[in-house]
Amino acid sequence: DNMIMTNGEKKIIITDKPAKTVKGRNFAYEINGLQIFAMGADYIPEDNILTRQTRERTGLLLKSAQEANFNSLRVWGGGYFLDDFFYDVCDERGLLIWHDFMFACAEIRQNMRRLRSHASIALWCGNNEMETQYETLAWQKSKKQTYDYIHLYEYIIPKIVKEEDPEKFYWPSSP
């Protein structure tokens with residue numbers, strides 16, 4: 001049976017039905033032992049002129065996402081590491097963040113240190129859809145490229161995540 005609980009304007013759906021598990025096909029956030037189905041969208045820069053982004057404008061966008069019953073946003077890897085107020089508002093609104101890295105190892109470490117204290121960060125992701133392009137042969141690959149890809153996304157970055165933010169989950173590539 002499903003149970004719907006309300007807390008003011010928020011609805012929480014709890015299910016005790018056993019999930020149908022299909023190896024390699026099920027995905028959910030697990031927070032404090034509770035699996036949560038991620039409902040949301042990609043967050044891309046709101047404006048190509050970054051100085052036009054404000055806490056108020058971002059707050060309105062995130063409020064709209066919450067009112068649409070989103071509980072999760074993916075920060076797109078083709079953008080930039082956002083200002084702190086974005087993460088503050090996500091923390092305040094209870095929005096979970098799947099965060100793609102943007103990209104350089106020093107940049108990963110620096111930004112993880114800056115952002116890891118935000119409760120909204122639920123997942124760090126190694127890259128923006130590169131694995132799908134790699135697997136579908138969008139470019140010709142050599143043995144060295146295969147080694148470099150695996151070494152970077154499945155060894156180096158997970159090691160950095162474990163060192164800098166061991167409580168969070170790492171996923172090698174967004175689908």
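## Helices in a predicted model

Helix α1 passes helix α2 in a right-handed crossing. The structure is a predicted model, and this report describes the packing of these two helices, the form of helix α5 and the chain as a whole.

**The pair α1 and α2.** Two packed helices are described by the angle between their axes and the distance between the axes. The axes of α1 and α2 cross at roughly 35 degrees and come within 10 Å. On the α1 side, the contact is formed by R55, T58, G59, L62, K63 and Q66, which meet F85, F86, D88, V89, C90, E92 and R93 of α2. Sorted by class, this contact of α1 with α2 holds five nonpolar, three polar and five charged residues.

The positions of the helices discussed here are listed below.

| Helix | Residues |
|---|---|
| α1 | 55–67 |
| α2 | 84–93 |
| α5 | 143–164 |

**Helix α5.** This helix has 22 residues, and because each residue should add 1.5 Å, a span of 32 Å is expected; the end C-alpha atoms lie 30 Å apart, which agrees. Helix α5 also bends by about 35 degrees at L152. Its buried residues are Y149, Y153, I157, I160, V161 and E164.

**The whole chain.** The secondary structure comprises five helices and nine strands. Read from the N terminus, the order of elements is β-β-β-β-β-α-β-α-β-α-β-α-α-β. Of the 175 residues in the chain, 33% are buried. Among contacts with a separation of 6 or more, 69% join residues 24 or more positions apart.

Note on methods. Residues numbered from 1 in each chain as written. Predicted model: local features only at pLDDT ≥ 70, side-chain atom pairs only at ≥ 80, totals over all residues. Heavy atoms only, no water. Axes fitted to C-alpha atoms, helices over the stretch in contact; angles between N-to-C directions. Helix = DSSP H or I, 4+ residues; strand = E, 2+ residues; numbered from the N terminus. Left-handed = near helix turned anticlockwise from the far one by under 90°. Contact = heavy atoms within 4.5 Å. Nonpolar A, V, L, I, M, F, W, Y, C, P; charged D, E, K, R; others polar. Expected span 1.5 Å × (residues − 1). Bend = angle between axes of the 7 residues up to and from the residue. Buried < 20%, exposed > 50% of the residue type's maximum accessible area, 1.4 Å probe, protein only.
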